[in-house]
Amino acid sequence: MQGLNAIPTLVLNRARLRPSREADAPSLYAYYKQEAVNKYLDGYGPASVEDAARIIRVWDIMFEEGRLFRMGIAEKESDALIGTIFLG
């Protein structure tokens, strides 16, 4: 992203928007496997926890290239990943 060197963390009332990290891979995989989430996807989401980690690495590369801005949505207190948001 032009003029942005790092994804910021934004703290809200009950959640925080922050960069996704490879440690989030199990949570990301579980999130995408929820039927309520998966029915709205145009794809299938990650096929495994390892695939989720790979996807997070790809998001990081695409951010560095200025092609994608995707943030993790985490619970404010536990910092557990509960979703993602695409901006851009």
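## A tour starting from Phe69

Select phenylalanine 69 first: with a relative accessible area of 10%, this residue is buried (under 20%; over 50% is exposed, and partly exposed lies in between, using a 1.4 Å probe and protein chains only). Before you move on, note that this is a predicted model, in which local features need pLDDT of at least 70 and side-chain atom pairs count only at pLDDT 80 or more, while totals for chains, interfaces and linings use all residues. Residues are numbered from 1 along each chain as its sequence is written, and side-chain values use heavy atoms, leaving out hydrogens and water.

**Stop 1: the rings**

Keep Phe69 on screen and colour the aromatic side chains. The structure holds 2 aromatic pairs (ring centres within 6.5 Å, with the six-membered ring used for Trp; planes under 30 degrees apart are stacked, over 60 edge-to-face, the rest tilted). Select tyrosine 31 and tyrosine 32: their ring centres are 5.2 Å apart and the planes meet at 75°, so this pair is edge-to-face. Now return to phenylalanine 69 and add phenylalanine 63: here the centres are 5.8 Å apart and the planes stand at 50°, so the pair is tilted.

Are the partners buried or exposed? Tyrosine 31 is buried at a relative accessible area of 18%, and tyrosine 32 is buried at 8%. Phenylalanine 63 counts as buried too, with 8% relative accessibility.

**Stop 2: the sheet**

Switch to a cartoon view. You will find an open sheet of 4 strands (DSSP runs of E, at least two residues, numbered from the N terminus, as are helices, which are runs of H or I with at least four). The order is E1-E2-E3-E4, and the pairing (at least two DSSP bridges between two strands) is antiparallel. Strand E1 (10–11) and strand E4 (81–87) are the edges, each pairing on one side only.

Walk across the sheet from E1:

- E1 and E2 run antiparallel and are joined by 2 bridges. The hairpin connecting E1 to E2 passes through 3 residues. Select valine 11 and you will see arginine 16 of E2 opposite.
- E2 (residues 15–18) and E3 (residues 69–75) pair in the antiparallel sense over 4 bridges. Try alanine 15, whose bridge partner in E3 is glutamate 75, then arginine 18, which stands opposite glycine 72 in E3.
- E3 and E4 also run antiparallel, joined by 6 bridges. Arginine 70 has phenylalanine 86 as its bridge partner in E4.

**Stop 3: the turn at Asp79**

Follow E3 to the loop between E3 and E4 and select aspartate 79. Which backbone angle deserves a look at aspartate 79? Its phi is near 65°, a positive value in a residue other than glycine. For comparison, most residues other than glycine have a negative phi. The hairpin of E3 and E4 has 5 residues between the strands, and aspartate 79 is one that sits in this hairpin. Aspartate 79 is partly exposed, with a relative accessible area of 24%.

**Stop 4: two helices**

Now bring up helix H1 (residues 25–32), which lies across E3 and E4 and runs at about 80° to E4 (angles go from 0 to 180 degrees between N-to-C directions of lines fitted to C-alpha atoms, for helices over the stretch in contact). Add helix H3 (residues 49–64): H1 and H3 pack at an angle of about 105°, and their axes are 8 Å apart. To view the contact (heavy atoms within 4.5 Å), select Ala25, Pro26, Leu28, Tyr29 and Tyr32 in H1 together with Val49, Ala52, Ala53, Ile56 and Trp59 in H3.

**Stop 5: back to Tyr32**

End at tyrosine 32, which lies in helix H1. What does tyrosine 32 touch? Leaving aside residues up to four places away in sequence, its contacts are Val37, Asn38, Leu41, Gly45, Pro46, Trp59, Arg70 and Thr84. Two of these names are already familiar: Trp59 appeared on the H3 side of the helix contact, and Arg70 was paired with phenylalanine 86. For a last distance check, pick the C-alpha atoms of tyrosine 32 and aspartate 79: they are 47 residues apart along the chain and separated by 18 Å.
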